[in-house]
Amino acid sequence: MTTLSLTINGRKHGPMDVRDDLSMNDLLREMLGMTGTKFGCGAAQCLSCAIIVDEPDGSSYTSPTCIAPAVNFDGKSIRTVESHARDGQLSALQQAFIDHFAFQCGYCTSGFLNEGQVLLERLARTPVAREALEQTIADALDGHLCRCTGYIKYHEAVRDVILADSSRYLVATK
Ligand code: FES
Ligand code: FES
C-alpha cells in the first residue's frame, strides 16, 4: 500500500491508502466515482482514458490512465473531463464537439476533449501561424483512436474553436 494525495479538478483528495498496483483509471472510476474517464483498450494504445496533468510551470499534457499506476500521480494536479463545464455551461470545445456531431458512442470523447484542451492551452502560450494550424491539430490529436471514426469532425471542431478566437491562438498576420 502507498499513501497518495493529489489534486483533481482543483480539489484536493487524500491522503488515502491505495494498492501499489491500483491503476489511475481504477482510482478515478472505481474509488472516486469519476466515470467520465473511460477504459478502452487497457493497453495505452487508444488514449480514450487520457487525463490532463498540470505542471507547476503552467504547462499541461495528457496521460493515459489505464496502465498507469495511481501512485505515479502522487502530489500531482490533474484534470479529468469533469473539469470542462463550468457552472453548468459547456466549454467552447464541448459545444463545438456537439455542433460538429463529432462523436457517436462517445467512448473516445473525453480523451479527445482533454487533448484539445491541452492544445488550446499550448497555443495560448505559443501561438502558431495559420498555415501551420491543420498540421498542428492533426499532430495533437494523433494517437487518439475513435472506433466510430469521428476523426475529421473532432479535427474540425478543434479548428473552429481556435479560429473563433484566433487572436489568442494564432500568430498575428500583418
Ligand atoms: S484505455 Fe488507456 S490507452 Fe486505451
Ligand atoms: S465516438 Fe465512438 S469511439 Fe469515438
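Let's start with Arg79 and Glu121, whose side chains meet in a salt bridge at 2.6 Å, N to O. This is a predicted model, so please hear every number today as computed from it. Where do the two partners sit? Arg79 is in strand β5, residues 77-79, and Glu121 is in helix α3, so this pair ties together parts that are 42 residues apart in sequence. Both Arg79 and Glu121 are buried. Side chains of opposite charge can pair when their charged atoms come close.

How many salt bridges does the structure hold? There are 6. Let me show you two others. The side chains of Asp21 and Arg19 form a salt bridge, 2.7 Å from N to O. Asp21 is exposed, because its relative accessible area of 57% is over the 50% cut-off. Its partner Arg19 is partly exposed, with a relative accessible area of 44%.

The other one joins the side chains of Arg130 and Glu134, with 3.3 Å from N to O. Arg130 counts as partly exposed at 35% relative accessibility, and Glu134 also counts as partly exposed, at 26%. Salt bridges with shared partners also make a network here, and its members are Asp54, Arg79 and Glu121. So our opening pair, Arg79 and Glu121, comes back as part of that network, together with Asp54.

Now, on to the rings. A search through the whole structure turns up 2 aromatic pairs. In one of them, the ring centres of Phe112 and Tyr154 are 3.9 Å apart and the planes are at 10°, so the pair is stacked. Why does this pair tie together separate parts of the chain? Phe112 lies in helix α3, residues 109-125, while Tyr154 lies in helix α5, residues 151-164, so the linked parts are 42 residues apart in sequence.

Are these two rings buried or exposed? Phe112 is buried, with a relative accessible area of 1%, and Tyr154 is buried too, at 0%. Add Phe97, and you have one aromatic cluster made of Phe97, Phe112 and Tyr154.

While we are on rings, please find Tyr107. Which residue lies over its face? That is Lys38, at 5.9 Å from the ring centre.

Next, have a look at Tyr61, which has its place in strand β4, residues 60-63. Tyr61 is partly exposed, with a relative accessible area of 33%. What does Tyr61 touch, if we leave out residues up to four places away in sequence? The list is Ile51, Ile52, Val53, Glu55, Lys76 and Val118. For a sense of distance, the C-alpha atoms of Tyr61 and Leu93 are separated by 17 Å, and these two residues are 32 residues apart along the chain.

Let's finish on the surface. Which residues make the nonpolar patch of about 240 Å²? They are Leu90, Ile98 and Phe103. Ile98 has its place in helix α2, residues 92-99. Ile98 is partly exposed, with a relative accessible area of 39%. That value is over the 30% that a patch residue needs, so Ile98 passes that test.

To recap: Arg79 and Glu121 are a buried pair, and they share a salt-bridge network with Asp54. Phe112 and Tyr154 are stacked, and Phe97 belongs to their cluster. Thanks, everyone, and please keep the structure open while we talk.

Key. Residues are numbered from 1 along each chain as its sequence is written. Chains are lettered from A and ligands numbered from 1 in the order in which they are written. This is a predicted model: local features need pLDDT of at least 70, side-chain atom pairs count only at pLDDT 80 or more; totals for chains, interfaces and linings use all residues. Side-chain values use heavy atoms; hydrogens and water are left out. Patches are made of residues with over 30% relative accessible area and no salt bridge: like charges are joined within 9 Å, nonpolar side chains (Val, Leu, Ile, Met, Phe, Trp, Tyr) within 5 Å. Accessible areas come from the Shrake-Rupley method with a 1.4 Å probe; for residues, only the protein chains shown count as cover. A salt bridge is a side-chain nitrogen of Lys or Arg within 4 Å of a carboxyl oxygen of Asp or Glu. Helices (H or I, at least four residues) and strands (E, at least two) are DSSP runs, numbered from the N terminus. Buried means under 20% relative accessible area, exposed over 50%, partly exposed in between (1.4 Å probe, protein chains only). Rings of Phe, Tyr and Trp (its six-membered ring) pair if their centres lie within 6.5 Å; planes under 30 degrees apart count as stacked, over 60 as edge-to-face and the rest as tilted. A charge sits over a ring if NZ of Lys or CZ of Arg is within 6 Å of the ring centre and within 35 degrees of the ring normal. Contact means heavy atoms within 4.5 Å.
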